[in-house]
Amino acid sequence: MVTVDQRGHGRSDKPDTGYGFDEVTADLRELIDALGFQQPLVAGQSWGGNVVLAFGARYPGAAAGITFVDGGFINLSNIPGATWDTISVQLKPPALAGTPRAQMQ
């Protein structure tokens with residue numbers, strides 16, 4: 001298993017440009033090729049979900065499967081009465097610290 005810090009995330013470089021889907025999907029493709037993976041399963045969370053969705057569309061057949069966790073494209077401005085305050089509350093992940101394992105399952 002490999003985890004990826006995309007450009008601008010974690011310990012990766014934070015260039016001023018290059019955050020479009022052409023660039024970030026090309027980054028993922030280059031990483032897969034550099035590691036010698038043949039049709040890996042790719043998963044993305046949040047923005048990464050959008051990236052792997054775009055990756056699948058741009059590079060059909062490059063992955064055996066793709067998974068989105070809290071990702072995928074949505075247009076928040078189409079939600080009636082949406083404001084940053086209401087949307088940020090709706091998109092906030094649940095507080096999981098201290099949740100018993102049985103409840104998580």
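**Figure 1. Asp 27 in helix H1 and its distance to Arg 7.** In this predicted model, Asp 27 has a relative accessibility of 28% and counts as partly exposed. The residue belongs to helix H1. Arg 7 lies 20 residues from Asp 27 along the chain, and the two C-alpha atoms are separated by 8.5 Å. Asp 27 is not classed as buried because its 28% is not under the 20% limit for that class.

**Figure 2. Gly 48 in helix H2, with Val 24.** Helix H2 contains Gly 48. With a relative accessibility of 8%, Gly 48 counts as buried. The partner shown is Val 24, which is 24 residues from Gly 48 in sequence. From C-alpha to C-alpha, Gly 48 and Val 24 are 9.6 Å apart in space.

**Figure 3. Gly 49 in helix H2, with Ile 66.** Gly 49 is also placed in helix H2. Its relative accessibility is 0%, so Gly 49 counts as buried. Ile 66 is 17 residues from Gly 49 in sequence. The C-alpha to C-alpha distance between Gly 49 and Ile 66 is 8.8 Å.

**Figure 4. The largest nonpolar core.** Seven residues are shown: Leu 28, Ile 32, Val 42, Val 52, Phe 55, Ala 62 and Ala 63 make up the largest nonpolar core, which has 7 residues. Helices H1 and H2 each supply at least two residues of this core. In soluble globular proteins, nonpolar side chains tend to be buried together.

**Figure 5. Contacts of Ala 63.** Ala 63 is one of the residues of the largest nonpolar core. Leaving out residues up to four places away in sequence, Ala 63 touches Gln 39, Pro 40, Val 42 and Phe 55. Val 42 and Phe 55 are likewise among the residues of that core. Gln 39, another contact of Ala 63, is shown in the next view.

**Figure 6. Gln 39 in the loop between H1 and E1.** Gln 39 is not a glycine, yet its phi is positive, at about 50°. Most residues other than glycine have a negative phi. The loop that holds Gln 39 runs between helix H1 (21-35) and strand E1 (41-45). Gln 39 has a relative accessible area of 48% and is partly exposed. Gln 39 does not count as exposed because its 48% is not over the 50% limit for that class.

**Figure 7. Ser 46 in the loop between E1 and H2.** A positive phi of about 60° is also found at Ser 46, which is not a glycine. Ser 46 sits in the loop between E1 and helix H2 (47-58). The relative accessible area of Ser 46 is 36%, so the residue is partly exposed.

**Figure 8. The protein chain as context for the close-ups.** The protein chain has 4 helices and 2 strands, in the order α-β-α-β-α-α along the sequence. Its C-alpha trace spans about 40 × 35 × 25 Å along the principal axes. The radius of gyration is 16 Å, whereas a compact globule of 105 residues would have a value near 13 Å. Of the 105 residues, 19% are buried. The accessible surface comes to about 7,900 Å², and carbon and sulfur atoms account for 55% of this surface. Among contacts between residues at least 6 apart in sequence, 44% join residues at least 24 apart. The chain carries 7 positive and 10 negative charges, and the mean positions of the two sets are 8 Å apart.

Technical notes:
Residues numbered from 1 in each chain as written. Predicted model: local features only at pLDDT ≥ 70, side-chain atom pairs only at ≥ 80, totals over all residues. Heavy atoms only, no water. Rg over C-alpha atoms; globule rule 2.2 N^0.38 Å. Buried < 20%, exposed > 50% of the residue type's maximum accessible area, 1.4 Å probe, protein only. Contact = heavy atoms within 4.5 Å. Areas by Shrake-Rupley, 256 points an atom, 1.4 Å probe, with all protein chains shown as cover. Lys, Arg positive; Asp, Glu negative; His and termini not counted. Charge placed at Lys NZ, Arg CZ, Asp CG, Glu CD. Core = buried A, V, L, I, M, F, W, Y, C linked by side-chain atoms within 4.5 Å.
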